[in-house]
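Open the structure in your viewer and keep the sequence panel visible. The stops below are meant to be taken in order.

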Amino acid sequence: MGSGTHLGKVRGLGSARHGAHHWLIQRVTAIGNILLFTWFLLSLTQLGSFDYDTVTAWLSSPVSAVLMMLLCISAFWHLRLGLQVLIEDYIHDHGTKFGVIILLNIYAIGCGTFAVFSVAKIAFTGAAS
């Protein structure tokens, strides 16, 4: 085993100081999601009807469009952070873990970009045709 002490054996194996940042960002996006989803649900209750013209007119307003884009970004960022932790905890092969995290990033960035683009299209043109 060697003649080193127990402290000497584990020195350098401690925190890489990345987990605290990841944890903090995940909590910030969670709070943002709560606030934005609350706004979204309250806005939907005040629409009156959910036909295409009403929802399009609502989403065409600048405040609604910006808040919806923020909701999309926050939700997909939170999804990516949470699934990354799940992957890191339960996939032990480093090559597979790397590949799955790359696929997760492509999925989250792709879906988030598509969602923001869709909201922007409605906001700028008034229709998603």
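This tour starts with the whole chain and then moves to selected helices and residues.

**Whole chain.** Show the chain as a cartoon, and keep in mind that this is a predicted model. The chain has five helices and zero strands. Followed from the N terminus, its elements run α-α-α-α-α. Of the 129 residues in the chain, 25% are buried. Now turn on contacts: among those between residues at least 6 apart in sequence, 69% join residues at least 24 apart. Switch to a surface view, where the chain exposes about 9100 Å², with carbon and sulfur atoms supplying 72% of that area.

**Helix α4.** Select residues 62-90, the 29 residues of helix α4. The C-alpha atoms at the two ends are 42 Å apart, which agrees with the 42 Å that the helix should span at 1.5 Å a residue. Next, pick out the buried residues of α4, among them Ser-64, Met-68, Leu-71, Leu-81, Gln-84 and Ile-87. What lies over the buried residues of α4? The cover includes α2 (19-45), α3 (52-60) and α5.

**Helix α5.** Select residues 94-125 for helix α5. This helix has 32 residues and reaches 46 Å from its first C-alpha to its last, close to the 46 Å expected at 1.5 Å a residue. Its buried residues include Lys-97, Ile-101, Leu-104, Gly-112, Val-119 and Ile-122. The cover over the buried residues of α5 includes α3 and α4. Step just past the end of α5 to Gly-126, which takes a positive phi of about 85°.

**A patch on the surface.** Go back to α5 and select Phe-98, which is found in this helix. Is Phe-98 buried or exposed? Phe-98 counts as exposed because its relative accessibility is 59%, and the cut-off for exposed is over 50%. Add Ile-102, Leu-103 and Ile-106 to the selection: together with Phe-98 they make a nonpolar surface patch of about 440 Å².

**Two cysteines.** Select Cys-72, one of the buried residues of α4. Cys-72 has a relative accessible area of 13% and so is buried, the limit for buried being under 20%. Then select Cys-111, which counts as partly exposed because its relative accessibility is 25%. A disulfide is a covalent bond between the sulfur atoms of two cysteines. How many disulfides does a search of the whole structure find? The search finds zero.

Note on methods:
Residues numbered from 1 in each chain as written. Predicted model: local features only at pLDDT ≥ 70, side-chain atom pairs only at ≥ 80, totals over all residues. Heavy atoms only, no water. Patch = residues over 30% accessible without salt bridge, like charges linked within 9 Å, V, L, I, M, F, W, Y side chains within 5 Å. Areas by Shrake-Rupley, 256 points an atom, 1.4 Å probe, with all protein chains shown as cover. Salt bridge = Lys/Arg side-chain N within 4 Å of Asp/Glu carboxyl O. Helix = DSSP H or I, 4+ residues; strand = E, 2+ residues; numbered from the N terminus. Buried < 20%, exposed > 50% of the residue type's maximum accessible area, 1.4 Å probe, protein only. Disulfide = S-S within 2.5 Å. Contact = heavy atoms within 4.5 Å. Expected span 1.5 Å × (residues − 1).
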